[in-house]
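Welcome! Let's get to know this protein together through a handful of questions and answers.

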Amino acid sequence: MKYPRLLIIGCIILLVSVAGCSGTAPAKIATPMPPTSLPPPTPVPTPEITTNSVTPQATTALSQYPEALALKTMFPFASDTNRKSEVTVYRIWINNTYRWFNPAENAYETRVAPPGKKYLFIFVTIMNLGTERTPIPSQNNIYVEYESAMISSDPSHDLPRKNTDSIPKVIRVAEIEFLKKQFGNSEYVEDFGYSHGLKLGYVNPGESNAVDGYIIYEVPEELTPEKAYVRIVSPGINEAIWKLG
């Protein structure tokens with residue numbers, strides 16, 4: 001019969017198929033993947049460091065008197081047309097000592113400032129631009145101002161005196177005696193308010209008649225011209241102030 005024969009063939013095919021399914025399949029070798037090429041990282045900008053601080057700028061110390069005049073600046077202290085006059089502080093000299101000529105000894109003597117002090121010389125000129133003579137302030141009305149203190153002229157400094165039996169003697173200070181006056185350079189300076197040893201009360205018209213001279217002050221040793229002033233406060237004239245440095 002054909003059926004059994006066909007059945008046997010079918011069984012054989014089935015067994016071969018089952019054997020093939022139950023066998024171990026050969027392991028597959030994984031093919032390595034090429035490394036993934038990542039895009040380069042976007043650089044993060046470093047934040048700029050800022051500060052609220054401002055670079056210090058050089059500052060000028062505020063002047064005690066911002067309206068103070070500079071040395072050599074002329075100031076009108078009499079406005080009347082006939083007595084129109086000008087005044088200025090035009091020079092200073094500072095030292096711990098000075099040598100003055102003693103007529104009695106016919107020799108120079110050295111004066112030394114007391115401890116913590118020094119000497120300040122200021123030079124003042126007053127010129128009359130009018131037609132009539134004008135009163136001049138005395139040394140007692142011209143002050144040095146420092147640290148809010150008003151300093152008068154040094155009372156220990158001898159001023160010229162007129163003797164009844166001789167001509168007045170000019171007080172000579174060795175360090176400055178050959179300095180010329182600001183106007184009319186033919187004469188040397190002497191004590192302010194004096195001319196050839198004679199005390200003056202007025203200034204006559206004309207540049208050649210200008211009153212020119214120095215005043216001596218005993219001031220604190222730490223005084224600096226940048227912080228010191230000269231003030232003229234004579235009654236009847238306009239008040240003026242100069243900065244010494």
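Q: Which residues is valine 144 in contact with, leaving aside its neighbours within four places in sequence?
A: This is a predicted model, so every value here is computed from predicted coordinates. Valine 144 is one of the residues with the most contacts inside the largest nonpolar core. Leaving aside neighbours within four places in sequence, its contacts are Leu120, Ala149, Met150, Ile151, Tyr217, Val219, Leu223, Tyr229 and Val230.

Q: How many residues does the largest nonpolar core have?
A: Nonpolar side chains tend to be buried together in soluble globular proteins. Here, strands S1 (75–78), S2 (85–95), S5 (117–128), S7, S13 (211–220), S14 and S15 each give two or more residues to the largest core. Ile122, Ile142, Val144 and Tyr217 have the most contacts inside that core, and its residue count is 26.

Q: How many residues make up the second, separate core?
A: Among the members of this second core are Tyr98, Phe123, Ile176 and Tyr214. The core is separate, and its size is 13 residues.

Q: How many helices and how many strands does the protein have?
A: Of the 245 residues, 31% count as buried. Among contacts between residues at least 6 apart in sequence, 68% join residues at least 24 apart. As for the elements themselves, the protein has 1 helix and 15 strands.

Q: Which strands stand at the edges of the sheet with the order S8-S7-S14-S15?
A: This is an open sheet of 4 strands with antiparallel pairing. An edge strand has a single partner strand, so one side of it is left without a neighbour in the sheet. That description fits S8 (149–151) and S15 (240–243).

Q: What does the twist average from one strand to the next in the sheet S8-S7-S14-S15?
A: The order S8-S7-S14-S15 sets which strands follow one another in this open sheet. From one strand to the next, the twist averages 30°.

Q: Which residue in S14 is the bridge partner of glutamate 145?
A: Strand S7 covers residues 142–146 and runs antiparallel to strand S14, residues 228–232. The two strands are joined by 5 bridges. In S14, the partner of glutamate 145 is tyrosine 229.

Q: Which strands stand at the edges of the sheet with the order S1-S2-S5-S13-S9?
A: This open sheet is formed by 5 strands, and its pairing is mixed. Each edge strand has a single partner, so one of its sides has no neighbour in the sheet. The edge strands are S1 and S9.

Q: Which residue in S13 does lysine 118 stand opposite?
A: S5 and S13 pair in the antiparallel sense, over 10 bridges. Across from lysine 118, in S13, is valine 219.

Q: Which residue in the hairpin of S3 and S4 takes a positive phi?
A: Strand S3 (residues 97–102) and strand S4 (residues 107–112) pair in the antiparallel sense over 6 bridges. One pair of bridge partners is threonine 97 and valine 112 in S4. Between the strands lie 4 residues, and the positive phi, near 55°, belongs to asparagine 106.

Q: Is serine 85 buried or exposed?
A: Serine 85 is placed in strand S2 and touches, among others, Phe75, Met127 and Leu129. Its side chain has a polar atom 2.9 Å from the backbone oxygen of arginine 83, and it makes a 3.3 Å polar contact with the side chain of threonine 134. With a relative accessible area of 0%, serine 85 is buried.

Q: Which residue's side chain makes a polar contact with the side chain of aspartate 158?
A: Aspartate 158 lies in the loop between S8 and strand S9 (190–191), and is partly exposed at 25% relative accessible area. The residues it touches, not counting those up to four places away in sequence, are Trp100, Arg111 and Ile171. The polar contact, at 3.4 Å, is with the side chain of arginine 111.

Q: Which residue's backbone oxygen lies 3.0 Å from a polar atom of the side chain of glutamine 139?
A: Glutamine 139 is found in the loop between strand S6 (134–135) and S7. Glutamine 139 is buried, with a relative accessible area of 12%. Its contacts beyond four places in sequence include Ser153, Asp191 and Tyr214. The backbone oxygen at 3.0 Å is that of phenylalanine 192.

Key: Residues are numbered from 1 along each chain as its sequence is written. This is a predicted model: local features need pLDDT of at least 70, side-chain atom pairs count only at pLDDT 80 or more; totals for chains, interfaces and linings use all residues. Side-chain values use heavy atoms; hydrogens and water are left out. Two strands pair if DSSP finds at least two bridges between them. Axes are lines fitted to C-alpha atoms, for helices over the stretch in contact, and angles run from 0 to 180 degrees between N-to-C directions. A nonpolar core is a set of buried Ala, Val, Leu, Ile, Met, Phe, Trp, Tyr and Cys residues joined through side-chain atoms within 4.5 Å. Buried means under 20% relative accessible area, exposed over 50%, partly exposed in between (1.4 Å probe, protein chains only). Contact means heavy atoms within 4.5 Å. A polar contact is a pair of N or O atoms within 3.5 Å; within protein, one must be able to donate a hydrogen and the other to accept it, and residues adjacent in sequence count only if both atoms are side-chain atoms.
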